[in-house]
Amino acid sequence: MSQLKEINVGEVTKAVRQLAMDANYYLPEDVKGRLEESQKKEKWILASDTLGRIINNADLAAEEQLPMCQDTGMAVVFVELGQDVRLVGGSLEDAINEGVRQGYADGFLRKSVVEDPLNRVNTKDNTPAVINLKLVPGNTLRIQVAPKGF
């Protein structure tokens, strides 16, 4: 049995802020590796050139700290919350949305979320995030952010 651990939601906000930017700036190494493998194997020159441009774009985005794509998507946040974690200082949902708000503003990411899909009014801060919460054994908190493009 693990010991109870307290985590201030301010730490969640900081983490989500950074993860929102990182998810738009950096291509995961396994994905980049597959693109590079595919480019080497591709026999059609146009397709090989396109894959090369995607790889170059990803490298430039990481180097310049710019989004890889103009569609920086809706923030989808996956949370694994240990049953022996006590969050203090506010609500998890508010902390996540504040992190998204800060990350999209500070990272100069396009804000494209709308309040109501029928009225199409932009929230201007890319919230609310889609939050997937999974309770797990232990006293750890794991957060992943994945921008879902439209």
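This note goes through a predicted model point by point, from its helix H4 and nonpolar core to its surface and its less usual backbone geometry.

1. Helix H4 is a good place to start. It covers residues 92-106, and its 15 residues, at 1.5 Å a residue, should span 21 Å; the C-alpha atoms at its two ends are indeed 21 Å apart, so the expected and the modelled spans agree. Just after H4 comes Phe-108, whose phi is positive, near 55°.

2. The buried residues of H4 are Leu-92, Ala-95, Ile-96, Asn-97, Gly-99, Val-100, Gly-103 and Tyr-104. Their packing partners include one helix, H1 (9-25), together with strands S2 (74-82), S3 (85-88), S4 (130-136) and S5 (141-148). A reader tracing H4 in the structure can therefore look for its buried residues against H1 and these four strands, S2, S3, S4 and S5.

3. The largest nonpolar core has 21 residues, and those that touch the most other members are Val-12, Val-16, Val-77, Ile-96 and Val-145. At least two residues of this core come from each of H1, S2, H4 and S5, and H1 gives the most, with 6 residues. Ile-96, already named among the buried residues of H4, is thus also one of the core members with the most contacts to other members.

4. Which residues, beyond its neighbours within four places in sequence, are in contact with Val-145? They are Val-16, Leu-19, Ala-20, Ala-23, Ala-75, Val-76 and Val-77; of these, Val-16 and Val-77 are themselves listed with Val-145 among the core residues that touch the most other members.

5. Leu-133, in strand S4, brings together parts of the chain that are separated in sequence: its C-alpha atom is 6.2 Å from that of Phe-78, although the two residues are 55 residues apart along the chain. When neighbours within four places in sequence are left aside, Leu-133 is in contact with Val-79, Leu-81 and Leu-92, and Leu-92 is one of the buried residues of H4.

6. The loop between H4 and S4 holds Ser-112. Is this residue buried or exposed? Its relative accessible area is 19%, and because the limit for a buried residue is under 20%, Ser-112 counts as buried. Not counting residues up to four places away in sequence, Ser-112 touches Gly-73, Asn-122, Asn-126 and Phe-150.

7. On the surface, Trp-44, Ile-45 and Leu-46 make a nonpolar patch of about 380 Å². Ile-45 belongs to helix H3 (residues 45-64), and its relative accessibility of 66% is the reason that Ile-45 counts as exposed.

8. Backbone geometry deserves a separate look. Most residues other than glycine have a negative phi, and most peptide bonds are trans. The peptide bond from Thr-127 to Pro-128, however, is cis, with omega near 5°, and Pro-128 lies in the loop between H4 and S4.

9. Two further residues other than glycine have a positive phi. Gln-65, in the loop between H3 and S2, has a phi near 55° and, at 34% relative accessibility, counts as partly exposed. Lys-124, in the loop between H4 and S4, has a phi near 65° and, at 63% relative accessibility, counts as exposed.

Methods: Residues are numbered from 1 along each chain as its sequence is written. This is a predicted model: local features need pLDDT of at least 70, side-chain atom pairs count only at pLDDT 80 or more; totals for chains, interfaces and linings use all residues. Side-chain values use heavy atoms; hydrogens and water are left out. The expected span of a helix is 1.5 Å times one less than its number of residues. Buried means under 20% relative accessible area, exposed over 50%, partly exposed in between (1.4 Å probe, protein chains only). Contact means heavy atoms within 4.5 Å. A nonpolar core is a set of buried Ala, Val, Leu, Ile, Met, Phe, Trp, Tyr and Cys residues joined through side-chain atoms within 4.5 Å. Patches are made of residues with over 30% relative accessible area and no salt bridge: like charges are joined within 9 Å, nonpolar side chains (Val, Leu, Ile, Met, Phe, Trp, Tyr) within 5 Å. Accessible areas come from the Shrake-Rupley method with a 1.4 Å probe; for residues, only the protein chains shown count as cover. A salt bridge is a side-chain nitrogen of Lys or Arg within 4 Å of a carboxyl oxygen of Asp or Glu.
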